[in-house]
Every structure is written in structure tokens, then in C-alpha cells.
Amino acid sequence: MNATSDRWDGLLETSVVGSFTSLGYKIRSRGWDAIPAGALSDRTVLITGATSGIGTIVAREAAALGARLRIVARNVDKVRSLRDELVAATGNEDIGYYIADLSLMSDVARVSDEILEGEPDIHVLVNNAVILPSERTLTTEGLELSHATNLVAPFLLTNRMLERLVESAPARIINVISGGMYTQGLALDDLNYEEGDYSGSIAYARAKRGLMILTKMWADRLAGTGVTVNATHPGWVDTPGVRNSIPTFYRLTRPALRTPEQGSDTILWLATSDRAGQETGKLWHDRAIRSEYRFKIGIETTADRNQLWQALSETVGALT
Ligand SMILES: NC(=O)c1ccc[n+]([C@@H]2O[C@H](COP(=O)([O-])OP(=O)(O)OC[C@H]3O[C@@H](n4cnc5c(N)ncnc54)[C@H](OP(=O)(O)O)[C@@H]3O)[C@@H](O)[C@H]2O)c1
């Protein structure tokens, strides 16, 4: 960035509205380099949540950049037709999929075994799938749905993929989090959201806070292995998820929302750029490192981090 764009970037960062909307993207993206053609050729990219919204665009662009693309999806019909669309759009036929309901840890464990069996290399893992339920819902395994899908699943899937990522290094893990995280800390004594009135947005924000913390913990644990771990929040993006899960927010913000292409840019940049490959354990937005805390909320201690890891390990241990 030059001095002028630095100044604009700093100004935008002072306001959530400026930073998260399409305005922020348009101003910041002036002068960005396009991702070079072929940037992902011979790289295996494994992504969750590609059958909708931001994930679809990440998958399409990764395929266009030459990736060996592997999608984890829960809906066979949707992922089959997505594969057909992506092959037609990009000419890349090396696109495969694995079926799993990521809200069920038994399913995440099973699909992890299948992926490890099927993929000799994994160079990029994108944890992107998300759910934002309006009511507290328990999975058949007894976990609150948002906690299960948005936090326990990426914990389990990523841990199961770690050895393969290290063997494939240089490799990158990209966790898609949310600016909603800024409003919440961990609820370590109530990870399954049993206390108080349920709010889907709070459950979602807590899970994303947890995923940010795991990002830093994996980064520490993987230091020196050639595997980097970063998180990114895409801003406010017009996707089926936002339209259906938070309709009032959608109605109020619609004209200012980013397109899925704009929302996917930093994920693809993190997967490909040399600059991003030099960093680990960071939160990114619009191709720059951002603070994990906007308010004095959610600042965790080392003991909190360890307690989270322990709790997730116990949950996964009991279910797999
Ligand atoms: N859109 C925004 O404004 C915004 C803002 C901040 C952060 N983000 C983050 O960006 C990422 C993508 O968001 P989005 O808005 O594009 O989401 P979306 O349109 O709701 O898509 C969610 C994806 O996750 C999949 N998924 C949900 N539950 C699953 C399960 N149990 N098993 C397997 N797959 C499951 C969905 O599969 P189906 O197609 O089968 O439903 C879909 O592919 C998320 O991590 C989100 O937190 C988005």
C-alpha cells in the first residue's frame, strides 16, 4: 500500500460500516494485483461450504486458477450440480467431492478418513461452512447446532487433516470467521448454549470467536512446519445465508452489501499470495492484517485458550 491508500484504509477501519460494506472493498481494492493465472495449479484445495454464497465463488475461482478442487458438502444433488457448473465454467475437470453433515462429529470423523484415503496431498484447507439457526437446535449427537457446525467441526476436520497438510507443506489453512465475533467472547462455561434466551447471532459470534482463537493456537503448534494458519472475515456479503438467516439485517443493509466475488477475494488471496504465505496466526480483511478485537470484548487469556482446546477435545473424544 502507498501512503494515500494507507490513509484511506485507516479511515475505513475506524468504521464498521465503511470497512465491511462494498464501499470499503471498492476503495481498498483500487490498485490490487489480480491473482496470477495458474496460481493454484498442482495444489489440492479442500473447502467446506462451497454449495452456496462465498464458498461457491472461492471454489469457482480456485478451479479457474488450476486447483485440484475437493469440496466437502452435505447435499449430494447440490454438490453434483455445482461440480458440473464449475467444470463447464472453468474447463477444470479435477473437481471432486466428499459428502458429510458437518454438524455431526461422527460424520466429520468418517469423511476425514475418506479424505485422507483419497488425497495424497492437501495444500489449502478452507473452513468456510456455516449455519446460523434462529432457534436453539440440538444435533442428534446433543450439540447445539451452531457450536457443532461452526466450531467443533472445523476443530475436528482441521486436526484430522494436520498431518497431511504438514506432509504437503508449504500449505495453508484459512478459517473464514466473521466481524460478528467482535461483539462476543467465549462462553467457556456454556459452550452448548444452555443458559439464557437463545440468540442465533450470539451463538454464531461465539463460535467465530472460538475459531479465531483456534487459528492462533494452530499457528503456534504448526510453527516451523511450513503450514500457515490464518483467519479472514469477508465483510457483509449478499449470500443466501444472510438473506435467509438474518432477513432484517439483509433488508436494512442490502444496497451496501458486498457481492460474493468481493467477499471471496481475501480468501483466494490468502490461498495464493507470497505475502500471505509469510504470515500465520493473523486475522485478515481486504488483504490486510486487522485487529481481532474492536471493543474491549472477547479478549481471552492463555488459560481461556487452553480451556477451549480441552473442552473441544473432550467433546470430540466423546463423539468419535
Ligand atoms: N455473508 C456474509 O455477510 C458473511 C459475513 C461474515 C462472515 N461470513 C462467513 O463467510 C462464510 C460463508 O458464508 P455465506 O454467507 O457464503 O454462507 P451461506 O450462503 O449460508 O453458505 C453456507 C454453506 O455452508 C454449508 N453448510 C451449512 N451447514 C452445513 C453442514 N451441517 N454440513 C455441511 N455443510 C454445511 C451450506 O451447505 P448447503 O448448501 O447444503 O446449505 C453452504 O454451502 C461463513 O464462514 C460465514 O460465517 C459471511
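This report covers the ligand site, one aromatic pair and two backbone features.

**Ligand site**

The model is predicted. Its ligand sits in the largest pocket. Around the ligand stand 29 residues. Thr 51, Ser 52, Lys 78, Val 237 and Thr 239 come nearest. By class, the shell holds 14 nonpolar residues, 11 polar ones and four charged ones.

Three helices each supply at least two residues of this shell: H4 (53-64), H8 (200-221) and H9 (240-245). The largest share comes from H9, with three residues.

Backbone atoms of the protein also meet the ligand. The table gives three such contacts, with the ligand atom and the distance for each.

| Residue | Protein atom | Ligand atom | Distance |
|---|---|---|---|
| Gly 49 | polar backbone atom | oxygen | 3.4 Å |
| Ser 103 | backbone N or O | nitrogen | 3.4 Å |
| Val 176 | polar backbone atom | oxygen | 3.5 Å |

How much of the ligand does the protein bury? Taken alone, the ligand exposes 900 Å². The protein buries 92% of that area.

Val 176 can also be placed in the fold: strand S5 spans residues 171-176, and the ligand contact of Val 176 is made through its backbone.

**An aromatic pair between helices**

A search of the whole structure finds seven aromatic pairs. One of them joins Phe 155 and Trp 309. A pair of aromatic rings is described by the distance of the centres and the angle of the planes. Here the centres are 5.0 Å apart. The planes stand at 80°. Angles over 60 degrees count as edge-to-face, so the pair of Phe 155 and Trp 309 is edge-to-face.

Which helices hold the two rings? Phe 155 lies in helix H7 (residues 145-168), and Trp 309 lies in helix H13 (residues 302-319). The pair therefore ties together parts that are 154 residues apart in sequence.

**Backbone features in two loops**

The loop between H7 and strand S5 contains Pro 170. The peptide bond from Ala 169 to Pro 170 is cis, with omega near 5°.

Beyond S5, the loop between S5 and H8 contains Tyr 193. Phi of Tyr 193 is near 50°. That is a positive value in a residue other than glycine. Strand S5 thus has one of these loops on each side, and H8, at the end of the Tyr 193 loop, is among the helices that supply the ligand shell.

Terms used:
Residues numbered from 1 in each chain as written. Predicted model: local features only at pLDDT ≥ 70, side-chain atom pairs only at ≥ 80, totals over all residues. Heavy atoms only, no water. Near = heavy atom within 4 Å. Polar contact = N/O pair within 3.5 Å; in protein donor to acceptor, adjacent residues only side chain to side chain. Areas by Shrake-Rupley, 256 points an atom, 1.4 Å probe, with all protein chains shown as cover. 1 Å grid on protein atoms, 1.4 Å probe; cavity = no way out; pocket = protein on both sides within 12 Å on 5 of 7 lines; lining within 4 Å. Sits in = over half its atoms within 2 Å of the grid points. Helix = DSSP H or I, 4+ residues; strand = E, 2+ residues; numbered from the N terminus. Nonpolar A, V, L, I, M, F, W, Y, C, P; charged D, E, K, R; others polar. Phe/Tyr/Trp six-rings, centres within 6.5 Å; stacked < 30°, edge-to-face > 60°.
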